[in-house]
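Here are my notes on this one, point by point. Have the model open next to you while you read.

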Amino acid sequence: MSFREIVSNPKLKYLFFGGKGGVGKTVVAAGAAYYISEALGRRVLLSSTNPVHSLSSCFGRDYWGRGVCHVDGTKNLDVIEIDTTKTVEKYKESVRNKIMNFLKTAGITTDPEPFIEAATTNPAFEEAAMFDEMVNILLSERYDAYVFDTAPVAHTYRLLGMSKVYDLWLRKMIKSREEALSTRLKLSFRKERIIEEIKKDPLLLETLETRKRTEEAKRLLTDREKTAFFFVTLPLALPIAVIERFIGWVRTFEIPVGGVIMNCVIPEEAVKASTSPYIVNKLREQAHYIQDACNRFPGMICAYVPLFETEVRDLQMISRVAEALAK
Ligand SMILES: Nc1ncnc2c1ncn2[C@@H]1O[C@H](COP(=O)(O)OP(=O)(O)OP(=O)(O)O)[C@@H](O)[C@H]1O
Ligand SMILES: [Mg+2]
């Protein structure tokens, strides 16, 4: 199926673009968001959780850390470029509160700092924080389509892989919390007050909320009708190998794969007259890797985007990416 056919499905609401660093995920996501909003007339939010200001540079505007911004010159396209540092700080604070709350409710009086340190300095913390922010956006329900410029493939993979264990753990937490509270209820003479307390128990509410969000995220990410992960590659060995691994991962958990997008394809007609051995060799190499990708991902290449004469730095260039995607 072509990219145009895939996105013409009005139910498709969440689009993710994954791939090796620097292959053009941001550019392709911007082109896709532009196409869906301008050509299909849907309200679209394009969001980036990238630490470098790549969306801004791709649109030639400053969207960094400014919240949701409307893209001038479009009818229905908004963008948000999330400030990683702020998001991580905010998430750290919420984890800190959770731990403090937990220790207080459980009546533990040890120093909370080592627990907080352990929870917030592990290598996946930043990714977890960005993932949490992404889930906030996903669940906001204000747009017809949400386009994410960098798919959190590794995190999604871990989340879904861990979800059984995680769910078991959450269930245990909830059960033991309910038991602890009901023991108090049995011993108490003022039952109404204790029932009120159960309803308001911060630890129980927190745990239930976490479970609800995890389940919602899981449901969304694996919904065939609403979600598609696209994988961007160049006609080169390494980016192809990276997406092959990603596709293997996401398939394990039945995350719907939209297709593969081949970016930066040298347009043969533009260099046809050239006899330069450099160009001839580049074209031969390109043809080899495109064939290789066709063999590895049968029927999955849904669009080819040419290598433009310049970088993608404004809306006009983004509209050319959109045009290529829609061919
Ligand atoms: N088809 C293209 N033609 C010309 N330049 C392109 C094309 N696609 C991407 N670029 C340029 O390549 C650079 C990298 O693209 P982009 O930022 O979209 O990659 P990325 O995969 O999002 O990178 P990162 O992994 O850092 O997020 C940018 O300067 C962009 O303008
Ligand atoms: Mg990027």
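1. Terms first: two strands pair if DSSP finds at least two bridges between them. Helices (H or I, at least four residues) and strands (E, at least two) are DSSP runs, numbered from the N terminus. As for the ground rules, this is a predicted model, where local features need pLDDT of at least 70, side-chain atom pairs count only at pLDDT 80 or more, and totals for chains, interfaces and linings use all residues. Residues are numbered from 1 along each chain as its sequence is written, chains are lettered from A and ligands numbered from 1 in the order in which they are written, and side-chain values use heavy atoms, with hydrogens and water left out.

2. Let's start with strand S6, residues 227–233. Seven of its seven residues are buried, so the rest of the structure largely encloses S6. (Buried means under 20% relative accessible area, exposed over 50%, partly exposed in between, with a 1.4 Å probe and protein chains only.) Both faces are covered: Thr227, Phe229, Phe231 and Thr233 are buried on one side, and Ala228, Phe230 and Val232 on the other.

3. Now the neighbours of S6. Strand S1 (residues 14–18) pairs with S6 in the parallel sense over five bridges, and Phe16 has Phe229 as its bridge partner there. S6 also pairs with strand S7 (residues 257–265), again parallel and over five bridges; Thr233 has Met262 as its bridge partner in S7. Between S6 and S7 the chain passes through helix H10 (residues 237–252), making a right-handed β-α-β crossover. Right-handed here says that, with the strands pointing away from the viewer, the path from the first strand over the helix to the second runs clockwise.

4. Strand S2 (residues 44–48) is mostly covered too, with five of its five residues buried. Val44, Leu46 and Ser48 sit on one side, Leu45 and Ser47 on the other, and all are buried. S2 pairs in the parallel sense with strand S4 (residues 77–81) over five bridges, and four bridges join S2 to strand S5 (residues 145–148), also parallel. Ser47 is a handy marker: its bridge partner in S4 is Ile80, and in S5 Ser47 stands opposite Phe148.

5. What surrounds ligand 1? There are 17 residues around it, the closest being Lys25, Thr26, Asn50, Pro306 and Glu311 (the test is a residue heavy atom within 4 Å). For polar contacts (N or O pairs within 3.5 Å; within protein, one must be able to donate a hydrogen and the other to accept it, and residues adjacent in sequence count only if both atoms are side-chain atoms), a polar side-chain atom of Thr26 is 2.8 Å from a ligand 1 oxygen. A polar side-chain atom of Asn263 lies 2.9 Å from a ligand 1 nitrogen, and a backbone N or O atom of Val312 is 3.0 Å from a ligand 1 oxygen. Taken alone, ligand 1 exposes 630 Å², and the protein buries 79% of that (Shrake-Rupley areas with a 1.4 Å probe; for residues, only the protein chains shown count as cover).

6. How many disulfides does the structure hold? Zero, taking a disulfide as a pair of cysteine sulfur atoms within 2.5 Å. The closest cysteine sulfur to that of Cys69 is in Cys58, 14 Å off and too far for a bond. Cys264 is in no disulfide either, with the sulfur of Cys58 nearest at 12 Å.

7. One last spot: Thr120 is in helix H5 (residues 113–120). Thr120 is buried at 8% relative accessible area, and its side chain reaches the backbone oxygen of Ile116 at 2.8 Å.
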